[in-house]
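I opened this notebook to record two look-ups: the surroundings of the ligand, and the nonpolar core. The entries follow in the order in which I made them.

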Amino acid sequence: MTTTAAKPTAVTAPVDHAAGKSRVELKNVSRGFGEDWAREEVVRNLTFEIKPGDLTCIVGPSGCGKSTIVNMVAGYDHPDSGEILLNGQKVVGPAKDRMVVFQETALMPWQTTFDNVVFGPRLRHEGSRPEIEKEAHRLLEKVGLGEFKQKYPSQLSGGMQRRAELARALINRPLLLIMDEPFRGLDAMSRPLMQEFFLRLFEENRRTNLFVTSEIEEAIFLADRLVVLSNRPAQVRAVIEIPLPRPRQFHMMSSPEVFEIKRQALEILHDEAMKSFGGAAHFAHRGPAEHEARA
Amino acid sequence: MSVIAHDVYAGDRTPARRQQPTGFGMALHRAKKGLRSPTPYLMVFGIAVWLFAYWLLCEGLSLPRFEKIPGPVTILSDWISANPQQGTSIYTPDYYQHIYVSCRRILIAFVLATALGVPLGLLMGWSAKVKDYTFPLFETLRPIPIMAWVPLAILMFAGYETPVIFLATLASFFATTLNTMLGVQSIDESYFRAAGCLGSRKRDVFWHVVVPGAMPFIFTGLQISIGVAWFSLVAAEMVSGDFGLGYLILSSYVNSVTVPMVIGMLTLGFVGWFSSAIVRFVGNRLMQWHVKALAMQGR
Ligand SMILES: Nc1ncnc2c1ncn2[C@@H]1O[C@H](COP(=O)(O)OP(=O)(O)OP(=O)(O)O)[C@@H](O)[C@H]1O
Ligand SMILES: [Mg+2]
């Protein structure tokens, strides 16, 4: 099966007042794992803010603790110290106001695509059955899965699964959408298609978004701000604003501005990646410029 | 650089998929496809080779140690004869009585074991507390061979029927419970997380994640369980019984009539095969998602 580029189609959507109005703050968040005597800090003293209507990208070297941050914001895990606030309220556990699109697909394999999408509202008894189903049909059309509603997740391609998961998250109208490397593992053809598709979806109502990736190009293309993390324990190394206008287009990626941002970010990331190499660092003399040439 | 696009398919709007046949058409399609594959021919050939070897050993060459064993021709002619020389054939009501009694016992044992084992396994897999309470005892009793329970079963239960059913139930109960528990433990954490942020309550998680997620393991367990149920049933019938295929086999041996003995064995084989086929069929019916996922992996 191949992934087709599905443009969000213009179907009248119910007004979603929550979208684009929520603010997330992380204040001195720290988290470690392991017993006291062998405790390894994974996240250290993390402070940053996700502004309402912004798409904030967390970029960091692989294994630096990005998913740990995601888990804490989602409420699956709790900081050892510090706090996470959503619109001023402390996050204590998972809830439908923060939806996560996971690194690996988490569609229930025993439910059809359609049943996956209606799962949340149906269980919470929100609205009548026809209302829920109408909204599910609308969202599935929108993500280009109109003909795949009755298929099981295993019958969808990777890109389709990601879109089905987006629909399942969006039907709950979350205050914050969290995406943990959602396009990792997609092939080189469908990845840019998914990025563009997702951009259009985001730009439609600018639902506050926390997006995790280890690809700097992807981050710059999508984000309003980059939060560049250090190697483990994850700390904020830099916050970079992306001044590109919206709607974003692929051609913007070749502007000198982007080039400069990329250089800065890569320099930091390269620095951090070298640290994780430890003793082997002096063997690898590749500078950021070469790093970039490979990207 | 210029790119020349040869858009030859631009005008072709034929759908990529044709209408799927339904009902009888589908059955016909499957039968045709099956006959075109080598599978049925290989199977028939395989069976023929084994039967021939069996015939050669017992009847063709009558090798030493084999001459007392009834060969395929003797068995088949007795099996389908209206006046069987050794007393058991498809025309004797006794034969069906044995089959019926064994099947009824299996059915009761299997239903009991499933009704007890699946819920217990689900709870053991889902709740650490339930597992802590039950697992040590479970793991101590499970390795006891079912034959070791026979004296206790006869002491505990009166008559022929209940001890036999108890033994078959016990064996399949352990298989079902263990597999169900492993099934729950095999469910990926991410489904629980997804259900968590979608706002499901504990009860919903149980019904919509734990139960369907464990289903493939449960049905593997049920297939094993019906197999061990037959195994322990026949063993039990040989020790204590008045009817049933196990009883038929042993009493024929005791009375030196070897043909009904082998007929009993073969009948057990067919009935056992049929019963696991039913379990598999029900499983595949209930788990279309699993069948399709396996098909996508080319299995
Ligand atoms: N529950 C846990 N218990 C123990 N260690 C953990 C736990 N969760 C994460 N870690 C450790 O924290 C570190 C960071 O993990 P994390 O998954 O957050 O990184 P990541 O940046 O998301 O990596 P990736 O790029 O592979 O997605 C890893 O070394 C991991 O071993
Ligand atoms: Mg991760």
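Entry 1, ligand shell. I began with ligand 1 in this predicted model. I listed 13 residues around ligand 1, of which Gly63(A), Lys66(A), Ser67(A), Thr68(A) and Arg232(A) come nearest. I then sorted the shell by residue class and obtained three nonpolar, six polar and four charged residues. I also asked which element gives the most to the shell around ligand 1. It is helix α1 of chain A, residues 66–74, with three residues.

Entry 2, polar contacts of the ligand. I looked up individual distances to oxygen atoms of ligand 1. For Lys66(A), I found a backbone N or O atom 2.9 Å from an oxygen atom of the ligand. For Gly65(A), a backbone N or O atom lies 3.0 Å from a ligand oxygen. At Ser62(A) the side chain takes part instead, with a polar atom 3.3 Å from an oxygen of ligand 1. I next noted the cover: ligand 1 has 630 Å² of accessible area on its own, and the protein covers 60% of that area.

Entry 3, nonpolar core. I turned to the largest nonpolar core, which holds 150 residues. The members that touch the most other members are Leu26(A), Phe198(A), Leu226(A) and Leu122(B). Helix α9 of chain B, residues 202–239, gives the most to this core, with 16 residues.

Entry 4, one core member. I followed Leu122(B) further, leaving out residues up to four places away in sequence. I recorded contacts from Leu122(B) to Thr180(B), Val184(B), Phe206(B), Val210(B), Val211(B), Ala214(B) and Ile218(B).

Notes:
Residues are numbered from 1 along each chain as its sequence is written. Chains are lettered from A and ligands numbered from 1 in the order in which they are written. This is a predicted model: local features need pLDDT of at least 70, side-chain atom pairs count only at pLDDT 80 or more; totals for chains, interfaces and linings use all residues. Side-chain values use heavy atoms; hydrogens and water are left out. A residue is near a molecule or strand if one of its heavy atoms lies within 4 Å of it. A polar contact is a pair of N or O atoms within 3.5 Å; within protein, one must be able to donate a hydrogen and the other to accept it, and residues adjacent in sequence count only if both atoms are side-chain atoms. Accessible areas come from the Shrake-Rupley method with a 1.4 Å probe; for residues, only the protein chains shown count as cover. Helices (H or I, at least four residues) and strands (E, at least two) are DSSP runs, numbered from the N terminus. Ala, Val, Leu, Ile, Met, Phe, Trp, Tyr, Cys and Pro count as nonpolar, Asp, Glu, Lys and Arg as charged, and the others, Gly among them, as polar. A nonpolar core is a set of buried Ala, Val, Leu, Ile, Met, Phe, Trp, Tyr and Cys residues joined through side-chain atoms within 4.5 Å. Buried means under 20% relative accessible area, exposed over 50%, partly exposed in between (1.4 Å probe, protein chains only). Contact means heavy atoms within 4.5 Å.
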